Amino acid sequence: MPTNSPERIRVVVVEDHQQFRDFLRTELVKDTRFREVFTFRSGEEFLSHFSDEDLPDLFFLDIHLPHIGGLDLLKIIKSKKPDAKIIILSNIDSDEKIFEMIKFGALGYIYKMDAGNLRSMYDVVLAGGAFFSPTVALRIATSLHKVQVETENPSIIMTDREKQILDLVIECKKDSQIADILKISHSTVRFHIKNICAKLEAKTKLEITKKAKERGFA
């Protein structure tokens with residue numbers, strides 16, 4: 001029988017704060033699709049209660065738990081039951097933690113302050129999707145955009161001399177002025193400007209200035 005049939009859905013909450021744990025249980029038992037709702041204060045309590053072959057279907061995990069942390073518990077659950085649906089409920093506001101949880105199989109990351117609309121959130125997960133608090137979703141989108149930008153615009157490394165010359169080009173200095181200021185030959189100035197053009201994929205000094213500003217060099 002499919003695990004999303006009402007009589008088959010069993011739910012686990014692992015949360016060390018009793019008040020929030022009780023709140024979750026009160027909300028979850030209202031859902032008639034859930035046959036059983038189990039609550040535990042630690043990962044050890046949960047793991048000692050179930051055999052590997054009898055793990056429930058839907059999990060709500062805190063991150064900061066005594067002894068076995070939320071991330072390690074998530075990994076254990078997914079290794080024993082790969083199709084388990086796991087939602088993280090936490091106040092931890094860390095990109096590293098958020099992405100670790102997603103990487104290892106969490107289908108939701110919800111700030112505890114947003115748990116008032118809990119049912120609408122886990123409904124998305126039960127329907128085969130994923131749900132994240134709006135702020136978390138924004139951070140994920142921002143991070144992916146950053147990765148895309150860095151992929152399309154890989155970091156450019158300029159030598160100290162190139163940086164000096166670039167600054168002067170941006171100030172609209174002529175080659176002869178740059179040579180005088182830095183006390184180098186005109187040919188050396190032209191050599192460095194050629195390298196700068198290649199690194200910035202620019203053909204003119206105007207393009208050098210424009211692309212340098214886009215890349216944060218000015």
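**Exercise 1.** Leaving aside its neighbours within four places in sequence, which residues is isoleucine 88 in contact with?

*Solution.* The model is predicted. Step one: set aside the neighbours of isoleucine 88 within four places in sequence. Step two: list the contacts that remain, which are Leu61, Ile63, Leu74, Met101, Ala106, Gly108, Tyr109 and Ile110.

**Exercise 2.** Find the residues that touch the most other members of the largest nonpolar core, and name the elements that build this core.

*Solution.* The largest nonpolar core has 28 residues. Phe46, Leu61, Ile88 and Tyr109 touch the most other members. Two or more residues of this core come from each of the strands β1 (9–14), β2 (34–40), β3 (58–61), β4 (85–90) and β5 (108–111), and from each of the helices α3 (70–80), α4 (95–103) and α6 (134–152). Helix α3 gives the largest share, four residues. As a general background, nonpolar side chains tend to be buried together in soluble globular proteins.

**Exercise 3.** Classify the ring pair of phenylalanine 38 and phenylalanine 50, and place both residues in the chain.

*Solution.* The structure holds nine aromatic pairs. In the pair of phenylalanine 38 and phenylalanine 50, the centres are 5.0 Å apart and the planes stand at 90°. An angle over 60 degrees counts as edge-to-face, and that is the class of this pair. Phenylalanine 38 belongs to strand β2, while phenylalanine 50 is in the loop between α2 (43–49) and β3; the two are 12 residues apart.

Next, check burial. Phenylalanine 38 has 16% relative accessibility and therefore counts as buried. Phenylalanine 50, at 9%, also counts as buried.

Phenylalanine 50 has a further partner: its ring centre is 5.6 Å from that of phenylalanine 46, and the planes are at 50°, so this pair is tilted. Phenylalanine 46 is buried too. Ring pairs join Phe38, Phe40, Phe46, Phe50 and Phe59 into a cluster.

**Exercise 4.** Which residues of helix α1 (residues 18–28) are buried, and what covers them?

*Solution.* The buried residues are Phe20, Arg21, Leu24 and Leu28. They lie on the same side of α1, because they cover an arc of only 105° around the axis. A general rule fits here: an α-helix has 3.6 residues a turn, so residues three or four places apart point the same way. Gln18 and Gln19, on the other side of α1, are exposed. The cover over the buried residues includes β1, β2, β3, β4 and α5 (118–126).

**Exercise 5.** Over the face of which residue does lysine 75 lie?

*Solution.* Lysine 75 lies over the face of phenylalanine 104, and the distance to the ring centre is 4.3 Å.

Technical notes. Residues numbered from 1 in each chain as written. Predicted model: local features only at pLDDT ≥ 70, side-chain atom pairs only at ≥ 80, totals over all residues. Heavy atoms only, no water. Core = buried A, V, L, I, M, F, W, Y, C linked by side-chain atoms within 4.5 Å. Buried < 20%, exposed > 50% of the residue type's maximum accessible area, 1.4 Å probe, protein only. Contact = heavy atoms within 4.5 Å. Phe/Tyr/Trp six-rings, centres within 6.5 Å; stacked < 30°, edge-to-face > 60°. Lys NZ or Arg CZ within 6 Å of the ring centre and 35° of its normal. Arc of directions from axis to C-beta.
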